[in-house]
Amino acid sequence: MPISKNDNHPNIIDDKTSFRGILNSKSDISLDGNAEGIIITSGTIYISRKGHFNGDILCSNAKIEGCFNGELIVLNSLNIKKGSIIEGEIKFNQLIVDSGAIFYAKSKIHSHEEGFEVFKIRSKQQSVEARYERLNFKKNQNKSLRKGIYPDSLYYNDIRKLIRQ
């Protein structure tokens, strides 16, 4: 797994896993499965060829080989590999795009200092939103369980198929 060297072990969302919600981590994250929501990490996020993400990501570095749709704020370097599909809005300090990557995104370059300020502000906002969302989820889940209604499981369509249509 090509993740930056870090004393902490990376968080891994494997290809048999779907995730929906908010993930806040100080270590690297490897996404091989499907995820939707918000990811905040002071480490590197790696989206593999099998990985699909829909939502917002705030990270120090990113390497994308799979599908991404949403807002991506990268403090340092964003590396988009061959075969990846990127849609949405991205902000970065350094961009590396391999030939063969599909890139449908509004992009903005920032200095390291600007990126750091945006990262601090956005991560605080996302943390507040995460707490609020968690409280609402618990309230709604408790009501659903009392009524005998269970939350739906999350299933994803293949983003590559959706883009080709």
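At 29% relative accessibility, Glu89 lands in the partly exposed class. That residue sits in a small charge network, so let's start there and work inwards; keep in mind that this is a predicted model. Two open six-stranded sheets come up below, one ordered β1-β3-β5-β7-β9-β11 and the other β2-β4-β6-β8-β10-β12. There is also a nonpolar core of 23 residues, the largest in the model, and one aromatic pair.

**Salt bridges**

- Side chains of opposite charge can pair when their charged atoms come close. With a cut-off of 4 Å between a Lys or Arg nitrogen and a carboxyl oxygen of Asp or Glu, the tally here is four salt bridges.
- Glu89 pairs with Lys91, and their closest N and O atoms are 3.7 Å apart. Add Glu71 and you have a network: Glu71, Glu89 and Lys91 are linked by salt bridges.
- Lys50 and Asp15 make another salt bridge, at 3.1 Å between the closest N and O atoms. This one ties together distant parts of the chain, 35 residues apart: Lys50 is in the loop between β5 (44–47) and β6 (52–59), while Asp15 is in the loop between β1 (11–13) and β2 (18–25).
- How accessible are the two partners? Lys50 is exposed at 54% relative accessibility, whereas Asp15 is partly exposed at 39%.
- Lys81 and Asp98 also meet in a salt bridge, 3.5 Å from N to O. Again the pair is a loop-to-loop link between distant parts of the chain, 17 residues apart, with Lys81 between β9 (77–80) and β10 (85–92) and Asp98 between β11 (94–97) and β12 (102–109).
- Asp98 has a relative accessibility of 25%, so it counts as partly exposed.

**The odd-numbered sheet**

- The strands of the β1-β3-β5-β7-β9-β11 sheet pair in parallel. β1 and β11 are the edge strands, each pairing on one side only.
- From one strand to the next, the twist averages 10 degrees.
- β5 pairs with β3 through three bridges, in the parallel sense, and with β7 through four bridges, also parallel.
- For specific register points, Ser30 stands opposite Tyr46 of β5, and Thr44 has Asn61 of β7 as its bridge partner.
- Further along, β7 and β9 are parallel and share three bridges. Ile64 is matched there with Ile80 in β9.

**The even-numbered sheet**

- The β2-β4-β6-β8-β10-β12 sheet is open and parallel too. Its edges are β2 and β12, each with pairing on one side only.
- Neighbouring strands in this sheet are turned by 5 degrees against each other on average, direction ignored.
- β10 and β12 run parallel and are joined by eight bridges. One partner pair to look up is Ile85 with Ile102 in β12.

**Core and the two faces of β5**

- In a regular strand the side chains alternate between the two faces of the sheet.
- What covers β5? Both of its faces are covered: Thr44 and Tyr46 are buried on one side, Ile45 and Ile47 on the other.
- Ile45 and Ile47 come back in the core, among the members that touch the most other members, along with Phe53, Ile57, Phe68, Leu72 and Leu78. The elements giving two or more residues to this core are β3 (29–31), β4 (34–41), β5, β6, β7 (61–64), β8 (67–74), β9 and β10.
- Leaving aside residues up to four places away in sequence, Ile45 touches Ile29, Ile39, Ile57, Cys59, Asn61, Ala62 and Lys63.

**The aromatic pair**

- A pair of aromatic rings is described by the distance of the centres and the angle of the planes.
- Searching the whole structure turns up one such pair. It is Phe53 with Phe68: the ring centres are 5.9 Å apart and the planes are at 10 degrees, so the pair counts as stacked.
- The two rings come from distant parts of the chain, 15 residues apart, with Phe53 on strand β6 and Phe68 on strand β8.
- Are these two buried or exposed? Phe53 and Phe68 are both buried.

Key:
Residues are numbered from 1 along each chain as its sequence is written. This is a predicted model: local features need pLDDT of at least 70, side-chain atom pairs count only at pLDDT 80 or more; totals for chains, interfaces and linings use all residues. Side-chain values use heavy atoms; hydrogens and water are left out. A salt bridge is a side-chain nitrogen of Lys or Arg within 4 Å of a carboxyl oxygen of Asp or Glu. Buried means under 20% relative accessible area, exposed over 50%, partly exposed in between (1.4 Å probe, protein chains only). A nonpolar core is a set of buried Ala, Val, Leu, Ile, Met, Phe, Trp, Tyr and Cys residues joined through side-chain atoms within 4.5 Å. Contact means heavy atoms within 4.5 Å. Two strands pair if DSSP finds at least two bridges between them. Axes are lines fitted to C-alpha atoms, for helices over the stretch in contact, and angles run from 0 to 180 degrees between N-to-C directions. Rings of Phe, Tyr and Trp (its six-membered ring) pair if their centres lie within 6.5 Å; planes under 30 degrees apart count as stacked, over 60 as edge-to-face and the rest as tilted.
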